[in-house]
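User: I should like to learn how the features of a structural model are read, taking each general idea before the particular case. Could we work through one together?

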Amino acid sequence: MSQLPADVAEVFQKVHDIVGLVYLVGGPVRDVLHGRDPKDLDFTTNLHPDEIEAKIEAAGIKTFSLGKRFGTVGFKLDGHHLEITTFRIEKYDGISRKPVVEYVDDITADLSRRDFTINAMAMRSDGTVIDPFGGQADLAAKTIRAVGKAGERYYEDPLRMLRAGRLAAELGFTIEEETFLSADHHADRILGVSKERWVQELDRLLVAKHADYGLRYLAKTDLLNYMIPELAVQVGYDQDSPYHELDLFEHSIKTVMLSEPEGIVRWAALLHDVGKPFVRHKNRQGYSNYHDHAVVGAEMVLKIGHYLKWSRARTEEVFELVLKHLEENSPIAEADSDARYK
């Protein structure tokens, strides 16, 4: 049994009264068990979408049917955005991320299609937890572990590889070995996912409390090679400078962690030295010098922003911050300076 926050318990009971037997499922259960306030609430039931929709509308509540063909009916209640999804399994063809959906009557079968064990738990309105894959144990151990075989989960939906890093960065968890190594093995499949989805996950990873872990995961699994190869060049890159003890990628990570946890600032911190490997030459003392790396890096940001399908406004903001990151009034100048040494 688990104690639900009062506001969640109240909404849960109302949904139960309107629809019948429903389960809180996925991320909200994880957050409740982890002592965090859930944001959006997701429910699941054995009722089919038409039945769900009819019951909600009979209660005088407007529904959103955008996801109905995948079994999901959305609506708002007491200021919460809610979704109820029919128990289902998903079959993938290995090419598209859009599955063929088949409705089932078994909550365990529904949970088996989910990405990680900590997201594969359900909860009844009385707080009883349904946990067939050991999610509570992994939550206690602060571990990200795929449901079943990690390779199969990534083959079904390659975005899960990136989501593993983002979750680890947000929660301060570590990624279980097979789940980690399988991402390395399947890293090239991330190219089958839209850039917009990459950016959604990367945006959240970069502002997370443990963004450093997430960034190292991207590098170690080769996901970074496929997503931002200009940045992957930095991994293990010796700056050969008396002013820098860290390799270039570790310096960039440290700059991120020392900068304000705001999206544009964090992107600029990550990319502030992206031009360095491309302008390297020796100075008179025999050390490497990187003249005009800010200018070259800013120009590279334009190409990276275009590739990642950033908005024009975002691209221009990051461009300006990278171009001027050596100036005293730059929001990343202090972080850059403090990140030079171990």
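**Salt bridges, cores and helix packing**

Analyst: Let us begin with one ion pair: in this predicted model, the side chains of arginine 145 and aspartate 138 meet in a salt bridge, at 3.0 Å from N to O.

User: What is the general idea behind such a pair, and how many salt bridges does the structure hold?

Analyst: Side chains of opposite charge can pair when their charged atoms come close. The structure holds 24 salt bridges. In the pair just named, arginine 145 is partly exposed, with a relative accessible area of 33%, whereas aspartate 138 counts as buried because its relative accessibility is 6%, under the 20% cut-off.

User: Are arginine 114 and aspartate 110 buried or exposed?

Analyst: Both arginine 114 and aspartate 110 are buried. Their side chains form a salt bridge with an N to O distance of 2.9 Å.

User: How should one read a salt bridge within a helix, such as that of arginine 312 with glutamate 316?

Analyst: An α-helix has 3.6 residues a turn, so residues three or four places apart point the same way. Arginine 312 and glutamate 316 lie four residues apart in helix 16 (residues 312–323), and are therefore separated by about one helical turn. The closest N and O atoms of this salt bridge are 3.1 Å apart. Arginine 312 is exposed, at 68% relative accessible area, while glutamate 316 is partly exposed, at 41%. Elsewhere, salt bridges that share partners join Asp115, Arg163, Arg166, Glu170, Glu201 and Arg204 into one network.

User: Let us turn to the nonpolar interior. Which residues have the most contacts inside the largest nonpolar core?

Analyst: In soluble globular proteins, nonpolar side chains tend to be buried together. Here the largest nonpolar core has 85 residues, and those with the most contacts inside it are Val15, Tyr217, Trp267 and Leu271. Helix 7 (residues 159–171) gives the most to this core, contributing eight residues. Leaving aside neighbours within four places in sequence, valine 15 is in contact with Gly20, Val22, Phe43, Phe75, Leu77, Leu82 and Ile84. A second, separate core has nine residues, including Val104, Leu111, Ala122 and Ile130.

User: Why can helix 14 be described as largely enclosed by the rest of the structure?

Analyst: Helix 14 is so described because eight of its nine residues are buried. The buried residues are Ile264, Val265, Arg266, Trp267, Ala268, Ala269, Leu270 and Leu271. They pack against helix 9, helix 10 (211–220), helix 12 (229–232), helix 13 (248–258), helix 15 (293–307) and helix 16.

User: At what angle do helix 9 and helix 14 pack, and which residues make the contact?

Analyst: Helix 9 (residues 195–206) and helix 14 (residues 263–271) pack at about 90°, with their axes 9 Å apart. Helix 9 is therefore roughly perpendicular to helix 14. Leu202, Asp203 and Leu206 of helix 9 make the contact with Arg266, Trp267 and Leu270 of helix 14. Of these residues, four are nonpolar, none is polar and two are charged.

User: What describes the chain as a whole?

Analyst: The chain contains 17 helices and 13 strands, and its C-alpha atoms fill a box of roughly 80 × 35 × 35 Å along the principal axes. Of the 342 residues in the chain, 52% are buried. Among contacts with a separation of 6 or more, 63% are between residues 24 or more positions apart.

Terms used:
Residues numbered from 1 in each chain as written. Predicted model: local features only at pLDDT ≥ 70, side-chain atom pairs only at ≥ 80, totals over all residues. Heavy atoms only, no water. Axes fitted to C-alpha atoms, helices over the stretch in contact; angles between N-to-C directions. Helix = DSSP H or I, 4+ residues; strand = E, 2+ residues; numbered from the N terminus. Parallel < 35°, antiparallel > 145°, perpendicular 65-115°, else oblique. Contact = heavy atoms within 4.5 Å. Nonpolar A, V, L, I, M, F, W, Y, C, P; charged D, E, K, R; others polar. Core = buried A, V, L, I, M, F, W, Y, C linked by side-chain atoms within 4.5 Å. Buried < 20%, exposed > 50% of the residue type's maximum accessible area, 1.4 Å probe, protein only. Salt bridge = Lys/Arg side-chain N within 4 Å of Asp/Glu carboxyl O.
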